[in-house]
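Welcome! Here is a short set of exercises for getting to know a new structure, each with a worked solution. Try each task before you read on.

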Amino acid sequence: MLAGLAAIEPTRDSELRDLDMTGWDCANQSEGTAQSQDAKDRNRMKNRWPVNLSLFPVEPLDTAGFLKKVRGCDAQLQSQRRGELTAAQKDELDRYENQIVSLTGWLVFAYAGPPETTNCASPIFHDWHLELFENPSDHAPQVGDPTPIICEITPRTEQRIYRDGVRIQSLTGFFRLQDVSYHATGHKAQKVRVTGYLMWDDDHNGSADVGSTIQWFSGNGFHHPWRSTAWEIHPVVKIEVVE
């Protein structure tokens with residue numbers, strides 16, 4: 001559904017929706033349209049369905065605690081990509097990626113994700129990227145700024161989060177548009193608690209993506225590095241405002 005359109009039609013949404021997936025032919029394709037085994041494995045982790053959080057242990061973390069935890073994961077895996085892992089390391093990765101954690105931080109930036117294989121290249125059924133920081137910020141990304149921890153809402157979790165009353169525009173300080181410009185929402189960044197699955201997005205694990213501070217901007221407007229770790233909370237299952 002809409003896969004052919006995705007190549008020419010960008011995602012234009014700016015707010016969470018009461019998303020109805022009835023009739024979406026990708027809903028039960030956990031691998032999406034991925035071709036490589038690495039991408040299929042990664043997509044299966046991204047496309048997990050919401051769960052009843054009361055039935056699972058949830059580890060509470062702040063940004064420093066999250067980064068300490070995933071550095072330990074990286075030390076155990078000792079690899080840059082899934083395809084390089086031994087069978088024992090894959091078992092270890094599976095143990096990490098089946099953990100549910102909650103991360104408390106400041107939601108400074110957010111944006112609608114592009115069409116991607118995870119969601120069968122649909123511009124309608126897309127992810128939402130949330131960028132959480134240790135501290136709030138009053139400006140769009142600049143060289144020297146710290147990089148965030150990435151959290152992502154997926155089509156499979158969006159409706160639940162929307163029906164919880166969560167609205168991105170009221171929680172984030174800045175919303176990134178498809179032309180890579182940042183628009184101030186008129187709200188200050190909010191401190192939030194984001195709960196979901198730990199996930200290793202090894203597709204974004206190089207030096208152009210991962211680092212502690214922004215070093216440079218490319219000609220297309222994107223900043224590099226743009227994330228503090230390849231580990232994410234993905235999918236996000238719940239978002240709460242921390243008063």
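The exercises below concern a predicted model, and they go from the whole chain to single residues.

**Exercise 1. The whole chain**

Task: Find out how many helices and strands the chain has, and why its radius of gyration agrees with that of a compact globule.

Solution:
- Start with the secondary structure, which comes to six helices and ten strands.
- Next, look at the extent: the C-alpha trace spans about 50 × 45 × 40 Å along its principal axes.
- Now compare with the globule rule. A compact globule of 243 residues would have a radius of gyration near 18 Å, and the chain has 17 Å, so the two agree.
- Then turn to burial, where 50% of the 243 residues count as buried.
- Finish with the contacts. Of those with a separation of 6 or more, 75% are between residues 24 or more positions apart.

**Exercise 2. The nonpolar cores**

Task: Which residues of the largest nonpolar core touch the most other members, and which elements give two or more residues to this core?

Solution:
- The largest nonpolar core has 34 residues, and the members touching the most others are Phe66, Leu130, Trp231 and Ile239.
- Two or more residues come from each of these elements: the helices H3 (63–77), H4 (87–97) and H6 (168–171), and the strands S2 (100–112), S3 (128–133), S4 (149–153), S7 (190–200) and S10 (231–241).
- S2 supplies the largest share, five residues.
- Now zoom in on Phe66. Leaving out residues up to four places away in sequence, Phe66 touches Leu61, Val101, Leu103, Ile149, Leu198, Thr229, Trp231, Glu232 and Ile233.
- There is also a second, separate core of seven residues, with Leu19, Ala27, Cys120 and Phe125 among them.

**Exercise 3. Two pockets**

Task: For the largest and the second largest pocket, work out which residues lie nearest the centre and how the lining divides by class.

Solution:
- Take the largest pocket to begin with. The volume of the largest pocket is about 520 Å³.
- Its lining has 28 residues, and Tyr111, Pro114, His129, His204 and Trp226 lie nearest the centre.
- Helix H2 (37–46), S2, S3, strand S9 (223–224) and S10 each give two or more residues to that lining, and the largest share, four residues, comes from H2.
- By class, the lining of the largest pocket has eight nonpolar, nine polar and eleven charged residues.
- Move on to the second largest pocket, which holds about 280 Å³ of space.
- Here 21 residues form the lining, with Phe133, Glu134, Asn135, Pro146 and Thr147 nearest the centre.
- At least two lining residues of the second largest pocket come from each of H3, S2 and S3; H3 gives the most, three residues.
- The lining of the second largest pocket divides into twelve nonpolar, seven polar and two charged residues.

**Exercise 4. One helix and its cover**

Task: Which residues of helix H5 are buried, and what covers them?

Solution:
- H5 runs over residues 155–163, and Pro155, Arg156, Thr157, Glu158 and Ile161 are buried in this helix.
- The cover over these buried residues includes S3, S4 and S10.
- After H5 comes Gly165, with a positive phi near 90°.

**Exercise 5. Three loop residues**

Task: Are Asp201, His139 and Asp179 buried, partly exposed or exposed?

Solution:
- Recall the cut-offs: buried means under 20% relative accessible area, exposed means over 50%, and partly exposed lies in between.
- Asp201 sits in the loop between S7 and strand S8 (216–217). Its relative accessibility is 2%, so Asp201 counts as buried.
- Not counting residues up to four places away in sequence, Asp201 touches Arg42, Lys46, Arg227, Ala230 and Glu232.
- His139 belongs to the loop between S3 and S4. With a relative accessible area of 24%, His139 is therefore partly exposed.
- Beyond its neighbours within four places in sequence, His139 is in contact with Phe109, Asp145 and Phe174.
- Asp179 is in the loop between strand S5 (174–176) and strand S6 (182–184). Because its relative accessibility is 57%, Asp179 counts as exposed.
- As a last step, locate Asn220: 41 residues from Asp179 along the chain, with 8.9 Å between the two C-alpha atoms.

Conventions. Residues are numbered from 1 along each chain as its sequence is written. This is a predicted model: local features need pLDDT of at least 70, side-chain atom pairs count only at pLDDT 80 or more; totals for chains, interfaces and linings use all residues. Side-chain values use heavy atoms; hydrogens and water are left out. A nonpolar core is a set of buried Ala, Val, Leu, Ile, Met, Phe, Trp, Tyr and Cys residues joined through side-chain atoms within 4.5 Å. Buried means under 20% relative accessible area, exposed over 50%, partly exposed in between (1.4 Å probe, protein chains only). Contact means heavy atoms within 4.5 Å. On a 1 Å grid over the protein atoms alone, a cavity is a set of points where a 1.4 Å probe fits but cannot get out, and a pocket is an open set with protein on both sides within 12 Å along at least five of seven lines; lining residues have an atom within 4 Å of a point. Grid points are joined across faces, edges and corners, and a volume is the space filled by probe spheres set on the points. Ala, Val, Leu, Ile, Met, Phe, Trp, Tyr, Cys and Pro count as nonpolar, Asp, Glu, Lys and Arg as charged, and the others, Gly among them, as polar. The radius of gyration is taken over C-alpha atoms; the globule rule is 2.2 Å times the number of residues to the power 0.38.
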